[in-house]
Amino acid sequence: MLKSIAFAAALATGTLALPALSVAQSADVVVTLTGVEARGGHALASLSTESTFMRGEGEYAARVAVASAGTLTLTFEDVAPGDYALMVMHDANDNGQFDMAPSGMPDEGYAFSNGGAPLMGPPTFGMLKFRVGTADVSITEPMTYF
């Protein structure tokens with residue numbers, strides 16, 4: 001009984017040494033898209049880990065209106081350290097889908113981390129991944145339109 005009273009007293013007065021809780025560090029990822037065309041709609045972007053790559057929104061998502069041609073900046077705030085792939089689609093008609101032309105070519109603009117996707121077939125996580133640590137990351141990627 002005396003030990004539990006001493007423990008409670010030490011805890012109440014703050015004299016009991018407890019291990020420090022570690023808080024995960026995070027960083028902002030700033031993406032600059034070049035060559036954006038004035039087609040209206042929104043740029044929809046995501047940062048995905050390998051486990052969520054090509055499976056929905058990913059861990060982080062951004063949506064920015066496309067008002068004019070030129071460059072567009074997206075910011076993902078408080079991104080946890082790890083490997084991510086950036087995928088961007090210019091959803092010009094705001095239907096939430098990546099539209100394809102009858103020829104099978106993309107009908108809307110897109111961009112990927114690490115300079116883009118292969119000419120034929122979908123990209124892989126390994127091709128697109130980049131590392132986020134505890135310092136902010138800035139990347140610039142070109143939009144591709146057909």
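# Briefing: sheet, aromatic pairs and salt bridges

Asp83 counts as partly exposed, since its relative accessibility is 26%. The model is a predicted one. Its chain holds two helices and eight strands, and 35% of the 146 residues are buried. The points below cover the overall layout, one open sheet, the aromatic pairs, the salt bridges and a loop residue.

**Overall layout**

- In sequence order, the secondary structure elements follow the pattern α-β-β-β-β-β-β-α-β-β.
- Of the contacts between residues at least 6 apart in sequence, 70% join residues at least 24 apart.
- The chain has an accessible surface of about 8,700 Å², and carbon and sulfur atoms account for 58% of this surface.

**The open sheet β4-β1-β8**

- Three strands make up an open sheet with the order β4-β1-β8, and their pairing is mixed.
- Strands β4 (70-79) and β8 (137-142) are the edge strands, each of them pairing on one side only.
- On average, neighbouring strands of the sheet are turned by 15° against each other, with direction ignored.
- Strands of a sheet pair through backbone hydrogen bonds, either parallel or antiparallel.
- The pairing of β1 (residues 27-36) with β4 is antiparallel and has seven bridges.
- The pairing of β1 with β8 is parallel and has six bridges.
- Val29 has a partner on each of these strands: Phe76 stands opposite Val29 in β4, and Val137 is the bridge partner of Val29 in β8.
- Side chains alternate along β8. Val137, Ile139 and Glu141 point to one face and are buried, whereas Ser138, Thr140 and Pro142 point to the other face and are not buried.
- Val137 therefore combines two roles in the description of β8: it is the bridge partner of Val29, and its side chain is on the buried face, where the relative accessible area is under 20%.

**Aromatic pairs**

- Five aromatic pairs turn up in a search of the whole structure.
- One of them joins Tyr60 and Tyr84, with 5.9 Å between the ring centres and 65° between the planes, an edge-to-face arrangement.
- This pair links distant parts of the chain, as Tyr60 belongs to strand β3 (residues 60-65) and Tyr84 to strand β5 (residues 82-91), 24 residues apart.
- Tyr84 is buried, because its relative accessible area is 4% and the cut-off for buried is under 20%.
- Phe98 and Tyr110 also pair: the ring centres are 6.1 Å apart and the planes stand at 85°, so the arrangement is edge-to-face.
- Phe98 sits in the loop between β5 and β6 (110-112), while Tyr110 is in strand β6, so the pair ties together parts 12 residues apart in sequence.
- The two partners fall into separate accessibility classes: Phe98 counts as partly exposed at 33% relative accessibility, and Tyr110 counts as buried at 15%.
- Phe98 and Tyr110 belong, with Phe112 and Phe146, to one aromatic cluster.

**Salt bridges**

- Two salt bridges are found when the whole structure is searched.
- In one, the side chains of Arg39 and Glu37 meet with an N to O distance of 2.8 Å.
- Arg39 is partly exposed, with 31% relative accessible area, and Glu37 likewise counts as partly exposed at 31% relative accessibility.
- In the other, Asp83 is joined to Arg131, and the closest N and O atoms are 3.3 Å apart.
- The pair of Asp83 and Arg131 links distant parts of the chain: Asp83 is in strand β5 and Arg131 in strand β7 (residues 130-132), 48 residues apart.
- Arg131 is exposed, with a relative accessible area of 57%, whereas Asp83, at 26% relative accessibility, is partly exposed.

**Thr49 and its contacts**

- Thr49 is located in the loop between β2 (42-48) and β3.
- Thr49 is buried, because its relative accessible area is 19% and buried means under 20%.
- With neighbours within four places in sequence left aside, the contacts of Thr49 are Glu59, Asp83, Tyr84 and Phe125.
- Among these contacts, Asp83 takes part in the salt bridge with Arg131, and Tyr84 takes part in the aromatic pair with Tyr60.

Conventions. Residues are numbered from 1 along each chain as its sequence is written. This is a predicted model: local features need pLDDT of at least 70, side-chain atom pairs count only at pLDDT 80 or more; totals for chains, interfaces and linings use all residues. Side-chain values use heavy atoms; hydrogens and water are left out. Rings of Phe, Tyr and Trp (its six-membered ring) pair if their centres lie within 6.5 Å; planes under 30 degrees apart count as stacked, over 60 as edge-to-face and the rest as tilted. Helices (H or I, at least four residues) and strands (E, at least two) are DSSP runs, numbered from the N terminus. Buried means under 20% relative accessible area, exposed over 50%, partly exposed in between (1.4 Å probe, protein chains only). Two strands pair if DSSP finds at least two bridges between them. Axes are lines fitted to C-alpha atoms, for helices over the stretch in contact, and angles run from 0 to 180 degrees between N-to-C directions. Contact means heavy atoms within 4.5 Å. Accessible areas come from the Shrake-Rupley method with a 1.4 Å probe; for residues, only the protein chains shown count as cover. A salt bridge is a side-chain nitrogen of Lys or Arg within 4 Å of a carboxyl oxygen of Asp or Glu.
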